[in-house]
Number of protein chains: 4
Amino acid sequence: MDLKIGVIGTGGIGRDHIRRLTDVVTGAKVVAVSDINVDTAKKVAQKYGAKFYESGEDVIHSNEVDAVVITSWDPTHAGYVLECIKTGKYVFCEKPLATTAKECEDIIKAETKFGKRLVQVGFMRRFDRGYRALKNIIESGKIGNPLMIHACHRNLTHIPSHTTDMTITNSGIHEIDISHWLLGEDYESGQVLTVKQNRDSSDKLLDPQIMLLKTKSGVRIDVEVNMSSGYGYDIQCEVVGEKGTIRLPDPNTVLVRYNCQRSYEIYEDWSQRFIEAYDTEFQEWVNSVKNDKLAGPSSWDGYIACVTADALIKSRNQGKAETINVGEQPKFYK
Amino acid sequence: MDLKIGVIGTGGIGRDHIRRLTDVVTGAKVVAVSDINVDTAKKVAQKYGAKFYESGEDVIHSNEVDAVVITSWDPTHAGYVLECIKTGKYVFCEKPLATTAKECEDIIKAETKFGKRLVQVGFMRRFDRGYRALKNIIESGKIGNPLMIHACHRNLTHIPSHTTDMTITNSGIHEIDISHWLLGEDYESGQVLTVKQNRDSSDKLLDPQIMLLKTKSGVRIDVEVNMSSGYGYDIQCEVVGEKGTIRLPDPNTVLVRYNCQRSYEIYEDWSQRFIEAYDTEFQEWVNSVKNDKLAGPSSWDGYIACVTADALIKSRNQGKAETINVGEQPKFYK
Amino acid sequence: MDLKIGVIGTGGIGRDHIRRLTDVVTGAKVVAVSDINVDTAKKVAQKYGAKFYESGEDVIHSNEVDAVVITSWDPTHAGYVLECIKTGKYVFCEKPLATTAKECEDIIKAETKFGKRLVQVGFMRRFDRGYRALKNIIESGKIGNPLMIHACHRNLTHIPSHTTDMTITNSGIHEIDISHWLLGEDYESGQVLTVKQNRDSSDKLLDPQIMLLKTKSGVRIDVEVNMSSGYGYDIQCEVVGEKGTIRLPDPNTVLVRYNCQRSYEIYEDWSQRFIEAYDTEFQEWVNSVKNDKLAGPSSWDGYIACVTADALIKSRNQGKAETINVGEQPKFYK
Amino acid sequence: MDLKIGVIGTGGIGRDHIRRLTDVVTGAKVVAVSDINVDTAKKVAQKYGAKFYESGEDVIHSNEVDAVVITSWDPTHAGYVLECIKTGKYVFCEKPLATTAKECEDIIKAETKFGKRLVQVGFMRRFDRGYRALKNIIESGKIGNPLMIHACHRNLTHIPSHTTDMTITNSGIHEIDISHWLLGEDYESGQVLTVKQNRDSSDKLLDPQIMLLKTKSGVRIDVEVNMSSGYGYDIQCEVVGEKGTIRLPDPNTVLVRYNCQRSYEIYEDWSQRFIEAYDTEFQEWVNSVKNDKLAGPSSWDGYIACVTADALIKSRNQGKAETINVGEQPKFYK
């Protein structure tokens, strides 16, 4: 029996997820869509044989919908997630889970009260083959305790409306989540360092930035977050342990010998780099919903990312390290 | 509507394909199975909610079956394929298409007479991301005309029953097909060179062997076929063009710095190396059957591989190059 | 005519340089040696056909000596260098130039007063083929302005007497000099971050440490300085520019496919890693002395390294970033 | 005491060796030169403070000359080498030792009669760090017996006067020597395969060619010899053993991330690729002459290369494999 899914938000990422759920993922069917842009939503509904609904709430409450995917405008995420919890439906929410820590806390309270994990947040890197291999090696103990992570997140270029804060909340947030996940521990403090401005970047933007994070056990993470690498979309991560280091694989592109160079292609954007991770993310989510046991990134993970991003932004504005205080992870989320 | 598939042969590779069609591929459902090992087939039928049939012919003729997958014992392939053509059903046949050139010719005749391509042969490498990238670059013209291919096929080790001929017919056959496909042209002659014996290999086996092929336009292909590499499953391919060369990517495993080495894992066998290629192969086959238009490796490709392997074995036994004569490719298969 | 060289200090590094000047470098001859360990110095003198002198001062003042190499105990460096300047002889001084900023300033004053550069400091990385290639690419403008340097200095393990400060003054000092040289600009501030302790390192040692540096134009440099990498001697450096990044090459060791791994050897210590750089350093020094025009690292570079290391140590002890103030670079040293 | 060297032939390679012997190699001095181009030779003599001689024989017989370097026109090599043996002087002869097997045999007879090795042939690859590392690993036994070598020799492009035979005698000859040296055994047979013509190569030239060699124990060597790679000067070599494979390192150039590519520079010609090997070759030759004990490639190695090249050319012209018969290696050369 296919899992019947309602999708709220039929913009670019929403349509890509609908295509994925239809053509790539097995065992799922998109049956309901809505969007504030009614025309787009209706066209998508028609194309995929789904039903159009006037509002996200209608999608959530529809008897035809088993589980919900939220890909709408960021500020609407928290409200839809809370509604899903109220109706006891599984919900996959693209990051961010919410735009304020307070909203995240509300979600955590509601979900805890409901008594079963219903929410998964779209941190797709956890489903990337490379990051999973890193985590497996860390957990094997082969390199001893991790001591440092050196990472970088580089976009080829940024959209005109990109802001200094979005570097942290949209791009850096993936790094916040993945280091937390790789290390299996919480952050104690964080800092953002400003860097000499790239002349090819917007004048209004601080770009690049360096995020520094420190975990409770003292692991240091440094992340270059660079919206104007000028050369491609490039994600790097090296975990330094007591006995060795491990590095995230680059995509395995063809080795070309040409024009006095040995070279490998670098992708231009995230959609090529992480397409497999997205596919795996949704397949595993569908499987886990059918098995009634969520395993992916939780509301708690969404909360940590939100609080950490807030601290980093404050640090940048104030020019010093900030304490990150998320309290103890509730048993419910362990 | 899911494509209803009957699988003939529920050995290791058959069961893996059933799992794949069920859990990974979208739009397909395995509804019928049979095997000479009745117990196994019944268990598989039960596990996947399929129906057990007494014979392969029963599977083929079942009204519930839209398309057939053949993963039975090699010598039975040709017979089942011919039966599928007779009933006008699409059939996916694991390599080899047949064990003799004569059988391949019979299949080609029958399929041509039927008037529509029904047969796809299991040369999964054509669905590997790396080989596809090589083909794209060749076809882009970037490296000019291909002039040579240097390749190697290395197994970690071989099963005790492996024979000198099987090196060509089971392993080398993938190389025969993929070079033919990459270059888009037919072979003119071939030769097998014997090599100093690996002491870790069986005494009864000539291992490794080197296959030399020459296409009609003069492209030279050399392939090390090595059943006892001693270190892993490793597939290498470099295409040398007039202006540059391109090399098949290695799987993108983690870079580990440890114990005075920078190292990357090499897989132990083909199932890890080509798992994605198998997944893609079946998804595209299911899609093309549903669209009533086959695009994968054809009976003609199966025939070429068979004739080429025969010539190579004869060359090895006679100690000189052999002509490979497959005639002109029929329009039907272009 | 060979340049006649006197060497003060015949410990390990001194003897290695004497061998280098004798067997590798052309146009030089070691004619004089001294050491507080008289026996060793006499043996070395005999082996290389040089004359033993009772004191470093005697070496410096000898009429037979054209130029001096100082490889004695760190605290004696400044005194010998000043004596060389007084006698107007060229002097190659192993790093550090001096152990205090004050001594460096005295040397700069004396040399400036003398009116010609006489002093070269042993920052051998500037002669490494890889770093030189990085500098060439930076200066070509290909990657635009450099914005960040990510570097690491990893030793396999450390000697028992290694101290927390030595991590900065002995190992980190190379990184301080090389980033300064690559970027061609001075530092504005620096900070040391402490990191979770490596359990394989000494309890008395803070290890690893992270050095953060910021240049006057805002370039950020982060350097992992790790005395207990556990796996080898490994020097990494990536320069991030506005349009691309460049990375220091690893030594070009053999690619070994073995035991399910593709691997490259990593050296165990600096002597293998930088042997060519040392050879080039001394050949170029000898050539420049003969041409009466020094080009290598100057007293000013030694001073900057000293002041920067002091600031980093202070920063670590005080837990915050420290200003680095070296004033304007005198014309004399440009 | 510097070794006093006479150089016969002051063309491009001769002048480069004179520069090397003067500026790079320690313990040597070029004191005598001659060339059929008298003007050039006189200029070189003046530049390096050497004496000009009217003839190569005069250089050889000069009392001021301890050892001779031959970099004259190929057909004159054998005569000068024989003259050196007659006078009992060490001689370094650029490859080829001679242009006929008969001349090589004469040299071997004369040298054997003289009773001490005097001749070294300029196979500089044996002094390349990478090939030496390959040989060390082979001799360590780590990869078991070598079974195959896959190699390629690629030039960016060729000079207009380049001929089909020169591909073997000028470029392929390095591959003939290095495989022989790596494996430590003689060849039994060889064959040249012609390949589809590169349209960017000369019409009069067969280019590329593939050399196939088989040693007495059955090791197979295949070498692409490609005068028009179109992209750079590229030397590749993989040795396949029973338990693993080893591959010659590429030059360690900077990793550049730029324009959607990760790339490494490939050199344009041999002078960059093998500059270190040439330096090491001459330093070791000078050292061994001073120690009165030659260790580099011998007349016997020159003879094997000559006989093998002849057999390969004959094979290409006749279209089949040719036996290579060099007899037993004399004890004198072991």
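Put chains D and C together and about 2300 Å² of area gets buried between them, with carbon and sulfur atoms giving 56% of that. Three residues do a good share of the work on one side: N252(D), V254(D) and Y258(D) supply 25% of the area that chain D buries against chain C, more than any other three residues. Keep in mind that this is a predicted model. In terms of head count, the contact takes 29 residues from chain D and 29 residues from chain C.

Now for the polar side of things. Between the two chains there are eight residue pairs in polar contact, counting pairs with both residues at pLDDT 80 or more. The rule also finds four salt bridges across the interface of chain D and chain C. One to click on is E276(D) with R129(C), where the closest N and O atoms are 3.2 Å apart.

Which elements give two or more residues to the side of chain D that touches chain C? They are α1 (12-23), α6 (129-140), β12 (244-247), β13 (255-258) and α9 (275-290) of chain D. Top of that list is α6(D), which gives the most, with five residues. Sort this side of chain D by class and you get 12 nonpolar, eight polar and nine charged residues.

Strands meet across the boundary too. Strand β13 of chain C, residues 255-258, is joined to β12(D) by four bridges, and the two run antiparallel. To find your place in that pairing, look for R257(C), whose bridge partner in β12(D) is T245(D).

How do the two copies relate? A turn of 180° with a shift of 0.0 Å along the axis lays chain D on chain C with an RMSD of 0.0 Å. That is the relation of a two-fold axis. The contact surface tells a matching story: 100% of the interface residues of chain D are also interface residues in chain C, so the copies meet through the same surface.

Finally, step over to chain A for a look inside a single chain. Here you'll find an open sheet of six strands in the order β3-β2-β1-β4-β5-β6, with parallel pairing. At its edges stand β3 (51-52) and β6 (119-121) of chain A, each with a single partner strand, so one side of each has no neighbour in the sheet. Elsewhere in chain A, strand β1 (residues 3-8) pairs with strand β4 (residues 67-70) in the parallel sense over four bridges. If you want a landmark in that pairing, V7(A) stands opposite V69(A) in β4(A).

Conventions
Residues are numbered from 1 along each chain as its sequence is written. Chains are lettered from A and ligands numbered from 1 in the order in which they are written. This is a predicted model: local features need pLDDT of at least 70, side-chain atom pairs count only at pLDDT 80 or more; totals for chains, interfaces and linings use all residues. Side-chain values use heavy atoms; hydrogens and water are left out. Contact means heavy atoms within 4.5 Å. Buried area is the accessible area (1.4 Å probe) that two parts lose on being put together, summed over both. A salt bridge is a side-chain nitrogen of Lys or Arg within 4 Å of a carboxyl oxygen of Asp or Glu. A polar contact is a pair of N or O atoms within 3.5 Å; within protein, one must be able to donate a hydrogen and the other to accept it, and residues adjacent in sequence count only if both atoms are side-chain atoms. Ala, Val, Leu, Ile, Met, Phe, Trp, Tyr, Cys and Pro count as nonpolar, Asp, Glu, Lys and Arg as charged, and the others, Gly among them, as polar. Two strands pair if DSSP finds at least two bridges between them. Copies are superposed by least squares on the C-alpha atoms of residues with pLDDT of at least 70 in both.
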